[in-house]
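I sat down with this one and a fresh notebook page. Here is what I looked up, in the order I got to it.

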Amino acid sequence: MKINLDELFYEQDDVRLVEELPARGIEVSGSLVEMTAEPVKAELDFHKTNEQEVFLRGQFHFGWQLICDRCMANVSKPMDLSFTRDILLEEDGHILDLDELIREEAILNFPTKVLCKEECLGICPDCGKNKNDEACECHQAGAVDIRFAGLKELFENNFKEV
Ligand SMILES: [Zn+2]
Ligand SMILES: [Zn+2]
């Protein structure tokens, strides 16, 4: 969606726009990340500072469809982004590309870590089970890695001699 800033400020210097835009995929570090199906909500407060400059304070609300870093489960992550921009009318050709602005802000605020829940147990590296769904036997107390079994025996023997 493109906004013609000349038309926007035809009669006044302060304009508020509330828009809904379709959800879409955005390329983040080389891979396409989809938004959830609900539309992107944009709230934009424009103030024309002078003939060359517009100050924009805005908010975008949307959701990401992501994958948990630990257990690979699907995660819907709601995003509420607040931002400000100085728009230079000559440089930006008096047109604001709202889709491009959403893309830039979404990438800037992309979550660095994605977890389905803070205490996600992840996938067992030995048996591949999702440990959130079922407990596996691999690392229970008392179970000893075969590589350390000899050491354990040694340690226990030494202990008995004392
Ligand atoms: Zn998880
Ligand atoms: Zn396991």
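**Entry 1: the sheet**

I began with the strands and found four of them in an open sheet, ordered β2-β5-β6-β7 with antiparallel pairing. At its edges I have β2 and β7, each of which pairs on one side only. I also looked up the turn between neighbouring strands of this sheet, which comes to 20 degrees on average, direction ignored. A reminder to myself: this is a predicted model.

Next I asked what packs on the sheet. I found α2 there, touching β2, β5, β6 and β7, and its direction makes about 80 degrees with that of β2.

**Entry 2: the chain as a whole**

I stepped back to count elements, and the protein chain has three helices and eight strands. Along the sequence I read the pattern β-α-β-β-β-β-β-β-β-α-α. What share of the 162 residues is buried? I noted 9%. For contacts between residues at least 6 apart in sequence, I noted that 54% join residues at least 24 apart.

**Entry 3: strand by strand**

I went to β2 (residues 14-21) and asked how many of its eight residues are buried. The number is zero, so I wrote this strand down as lying largely in the open. The cut-off I kept in mind is that a residue is buried if 20 or more other C-beta atoms lie within 10 Å of its own.

I then followed the pairing of β2 with β5 (residues 40-50), which is antiparallel and runs over eight bridges. Two pairs went into the margin: Asp14 stands opposite His47 of β5, and Glu19 has Ala42 of β5 as its bridge partner.

On to β5 and β6, which run antiparallel and are joined by nine bridges. These two strands form a hairpin, with two residues between them. Here I wrote down Lys48, whose bridge partner in β6 is Val54, and Leu44, which stands opposite Gly58 of β6.

**Entry 4: the core**

I looked for the largest nonpolar core and found 14 residues in it. Which of them touch the most other members? My list reads Met35, Val40, Ala42, Phe60, Phe62 and Ile102. The elements that give two or more residues to this core are β5, β6 and α2 (98-108).

Ala42 now appears twice in my notes, as the bridge partner of Glu19 and in the list of core residues that touch the most other members.

I picked Ile102 for a closer look. Leaving aside its neighbours within four places in sequence, I found Ile102 in contact with Leu21, Val40 and Phe60.

**Entry 5: the two sides of α2**

Which residues of α2 are buried? I found Leu101, Ile102 and Ala106. Why do I place them on the same side of α2? They cover an arc of only 130 degrees around the axis, and that puts them there. On the other side of α2, I noted Glu100 and Leu108 as exposed.

I checked what covers the buried residues of α2, and the cover includes β2, β3, β5, β6 and β8 (95-97).

**Entry 6: two loops with a positive phi**

I went through the backbone angles and stopped at Ser29, which has a positive phi of about 40 degrees although it is not a glycine. I located Ser29 in the loop between β3 (25-28) and β4 (31-34). Is Ser29 buried or exposed? It has 7 other C-beta atoms within 10 Å, so I put it down as exposed.

I made a similar note for Met72: its phi is positive, about 70 degrees, and it is not a glycine. Met72 is in the loop between β6 (53-67) and β7 (74-88). I counted 12 C-beta neighbours inside 10 Å, so Met72 is exposed too; the cut-off for exposed is 12 or fewer.

**Entry 7: a long-range pair**

My last stop was Asp97, which I found in strand β8. With 14 other C-beta atoms within 10 Å, Asp97 is partly exposed. I then set Asp97 against Met1: they are 96 residues apart in sequence and 6.1 Å apart in space, C-alpha to C-alpha.

Definitions and conventions. Residues are numbered from 1 along each chain as its sequence is written. Chains are lettered from A and ligands numbered from 1 in the order in which they are written. This is a predicted model: local features need pLDDT of at least 70, side-chain atom pairs count only at pLDDT 80 or more; totals for chains, interfaces and linings use all residues. Helices (H or I, at least four residues) and strands (E, at least two) are DSSP runs, numbered from the N terminus. Two residues are in contact if their C-beta atoms, placed from the backbone, lie within 7 Å. Two strands pair if DSSP finds at least two bridges between them. A nonpolar core is a set of buried Ala, Val, Leu, Ile, Met, Phe, Trp, Tyr and Cys residues joined through C-beta atoms within 7 Å. Axes are lines fitted to C-alpha atoms, for helices over the stretch in contact, and angles run from 0 to 180 degrees between N-to-C directions. The arc is that of the directions from the helix axis to the C-beta atoms.
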